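Colleague: Got a minute to go through the cysteines with me? I'd like to hear the reasoning behind each label.

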Amino acid sequence: MSLNLLTFLCLGLYLPVWNALKVSQPYRVVSHRGEVELFCSYHHTGRHEPEELRITLYRGMYGEQEEQKVCTSSFTNKNTAFQTEGEGERTVTCRGQFGPGKVNLTISGLRGNDTDLYRCAIEVLYPPPYLRTFGNGTLLYITEEPGCFTPEAQRRDDITGETSVRLPLAGMTAATILIVISAIAILLVHQVLQRKRRFEAIIPMTSQNDGRFDYGNFQ
């Protein structure tokens, strides 16, 4: 072995290892029935592969505050599946599946007004050094599905339903009144025509006086 190669190998034992973490996300994802699937991919550079990680989903472009946290969970490369409820008063549920270089995150319980930019934050907890990186963000477009009503939408549907019921009832009432009036008019016309025919059918009669009552002839 040459002296230069031996020197390089010896120095390599003392060279610091550069650790880095990069997170990437899709640009846009559309929900289906209030549920959306988001892939948070990561690339780790270092001597050792991460054994324990934590993923946190934030809402908003610069969301790092507690109130902007949607859900969070820690997991290991041995315990790859996880599920957690939303933070605070949120009713969403996050399910995750950890794989090599990515976390498949499924968020359910979303509504139309939850459409926003969501960012994945991935942390390497073990082995050291500790690393934390954000993705650029994904626009989650939440469509309104039948059965996923907000209270305002429910009130609008109730008002629309009442109006749609009233209009046919009003139309049926008016039609019934017109039918009754038409039937009465036809009946009256029929009676008048019958009476007219009855009088026209009467033949004028000529009577003669027999002299007993001293009446003249009359018609």
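Modeller: Sure. Let's start with C71 and C94: the torsion about their S-S bond is about -90°, so the disulfide is left-handed. Keep in mind that this is a predicted model.

Colleague: How do you know that C71 and C94 form a disulfide?

Modeller: Their sulfur atoms sit 2.0 Å apart, and the cut-off is within 2.5 Å, so the pair counts as a disulfide. The bond links distant parts of the chain, with C71 in strand β5 (residues 69–76) and C94 in strand β7 (residues 93–99), 23 residues apart.

Colleague: And why is C71 called buried?

Modeller: Its relative accessibility is 3%, and buried means under 20%, so C71 qualifies.

Colleague: What makes C94 buried?

Modeller: Same cut-off: C94 has a relative accessible area of 0%, which is under 20%, so C94 is buried too.

Colleague: How many disulfides does the structure hold?

Modeller: Two. C40 and C120 form a disulfide as well.

Colleague: Why is the C40 and C120 pair called a disulfide?

Modeller: The sulfur atoms of C40 and C120 are 1.8 Å apart; that is within 2.5 Å, so the label holds. This pair also links distant parts of the chain: C40 belongs to strand β3 (residues 35–45) and C120 to strand β9 (residues 116–126), 80 residues apart.

Colleague: Are C40 and C120 buried or exposed?

Modeller: Both C40 and C120 are buried.

Colleague: What is the pairing if you number the bonded cysteines in sequence order?

Modeller: It comes out as 1-4, 2-3.

Notes:
Residues are numbered from 1 along each chain as its sequence is written. This is a predicted model: local features need pLDDT of at least 70, side-chain atom pairs count only at pLDDT 80 or more; totals for chains, interfaces and linings use all residues. Side-chain values use heavy atoms; hydrogens and water are left out. Helices (H or I, at least four residues) and strands (E, at least two) are DSSP runs, numbered from the N terminus. Buried means under 20% relative accessible area, exposed over 50%, partly exposed in between (1.4 Å probe, protein chains only).
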